[in-house]
Amino acid sequence: MISLNGLTKRYGDRPAVDGLTLELRPGTVTGFLGPNGAGKTTTMRLILGLDRPSSGTALIGGVPYHRIRNPLRTVGALLDARALHPGRSGHAHLVALARSNGVPRRRVTEVLETVGMAGAARKRAGALSLGMSQRLGIAAALLGDPQVLMFDEPVNGLDPDGVRWVRGLMRSLAAEGRTVFVSSHLMSEMQLTADHLVVIGKGRLIADAPLADVIAGSSLTSVLVRTPHAGDLAVRLRAAGITVDRYGENELEATGAALETVGDLAYEAGIRLHELRAKEASLEQAYQELTAGSVEYGAGA
Ligand SMILES: Nc1ncnc2c1ncn2[C@@H]1O[C@H](COP(=O)(O)OP(=O)(O)OP(=O)(O)O)[C@@H](O)[C@H]1O
């Protein structure tokens with residue numbers, strides 16, 4: 001479990017991370033979202049003890065990173081896949097990492113197989129494609145078989161097959177009861193991977209909620225109804241303050257109300273329904289609404 005309490009990091013007088021308080025739970029993939037410069041990488045660096053907080057705390061299993069006795073066996077992380085000695089092979093890198101952290105050497109072979117790098121592991125790190133470097137970084141994170149895993153943009157540079165593989169890996173790590181914290185800008189991918197979302201903007205917490213709740217909270221999530229009495233139902237729904245769009249004679253779309261509310265209002269009015277169906281917003285739409293006020297580096301209209 002990771003707990004952040006009032007976590008703050010200032011560079012000069014500008015906060016990059018501003019009073020984050022939240023908990024990341026085991027058995028869950030938590031997606032970490034936010035516009036460019038929102039403070040995602042800084043938050044991960046603070047959790048990993050690579051930067052010191054200006055105030056507040058980041059604890060892993062109740063202790064700060066620097067007090068963990070065997071960090072690699074407790075937390076695995078991929079922050080920057082290119083941060084490797086370019087002349088060293090992936091295999092040599094992992095062997096050195098295993099040796100200095102008391103991890104048995106056979107784990108190197110295991111994790112290289114897990115990430116599909118067994119063939120390319122003897123290449124110089126500098127000669128690897130971005131996607132292969134990402135796989136190697138993921139192998140390093142898995143090396144100590146840790147309960148907590150953090151990945152900063154792990155699918156960056158991966159081909160569609162690799163993206164699907166990362167999704168399966170995150171899901172299986174969480175299914176084993178591990179805490180998985182993963183940042184990404186690929187909303188469609190996050191929608192398929194994450195159970196829970198933490199959204200930040202300008203260093204501040206915007207949302208900390210199950211994926212389903214974030215999507216249900218979008219103004220674009222609506223209810224589609226098919227009924228021979230669409231006109232009557234529209235009047236009833238509008239009277240209850242619900243926005244209604246009509247499609248043809250027998251169909252309407254109600255926005256800003258739960259499926260149950262629409263069904264109950266129809267029932268109370270004695271209106272027969274032939275179809276009642278939720279039309280979910282995409283995570284991308286929900287995310288854009290949530291972060292509309294926090295985008296610092298946008299391209300304008
Ligand atoms: N070492 C540093 N010195 C000064 N400012 C920094 C430093 N590191 C990060 N920042 C600033 O902190 C803010 C947050 O940056 P961070 O990299 O954490 O954002 P991010 O959410 O990971 O962004 P992206 O999605 O673009 O990777 C940015 O404004 C960045 O310029």
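**Entry 1: the domains.** I began with the domain assignment, which splits the protein into domain 1 (2–210) and domain 2 (222–279). I kept in mind that I am reading a predicted model. Next I looked up how far apart the two parts sit: the centres of domain 1 and domain 2, taken over C-alpha atoms, are separated by 45 Å.

**Entry 2: a hairpin.** I then turned to strands S11 (residues 243–247) and S12 (residues 251–255). How do they run, and how many bridges join them? They run antiparallel, and 5 bridges join them. I picked out one pairing to follow by eye: Asp245 has Glu253 in S12 as its bridge partner. Between the strands of this hairpin I found 3 residues, and Gly248 has a positive phi near 65° there.

**Entry 3: Asp145.** After that glycine, I checked residues of other kinds. Asp145 is not a glycine, yet its phi is positive, at about 50°. I traced Asp145 to the loop that links helix H5 (130–142) and strand S6 (148–152). Is Asp145 buried or partly exposed? I noted it as partly exposed, because it has 15 C-beta neighbours inside 10 Å.

**Entry 4: Lys202.** Here is another residue worth finding on the screen. Lys202 also is not a glycine and has a positive phi of about 50°. Its loop lies between strand S8 (196–201) and strand S9 (204–210). I counted its surroundings too: 20 other C-beta atoms lie within 10 Å of Lys202, so this residue is buried. The cut-off for buried is 20 or more.

**Entry 5: side by side.** To close the page, I set the two loop residues together: Asp145 is partly exposed, whereas Lys202 is buried.

Conventions. Residues are numbered from 1 along each chain as its sequence is written. This is a predicted model: local features need pLDDT of at least 70, side-chain atom pairs count only at pLDDT 80 or more; totals for chains, interfaces and linings use all residues. Helices (H or I, at least four residues) and strands (E, at least two) are DSSP runs, numbered from the N terminus. A residue is buried if 20 or more other C-beta atoms lie within 10 Å of its own, exposed if 12 or fewer, and partly exposed in between; C-beta atoms are placed from the backbone. Domain bounds come from an automatic or database domain assignment. Two strands pair if DSSP finds at least two bridges between them.
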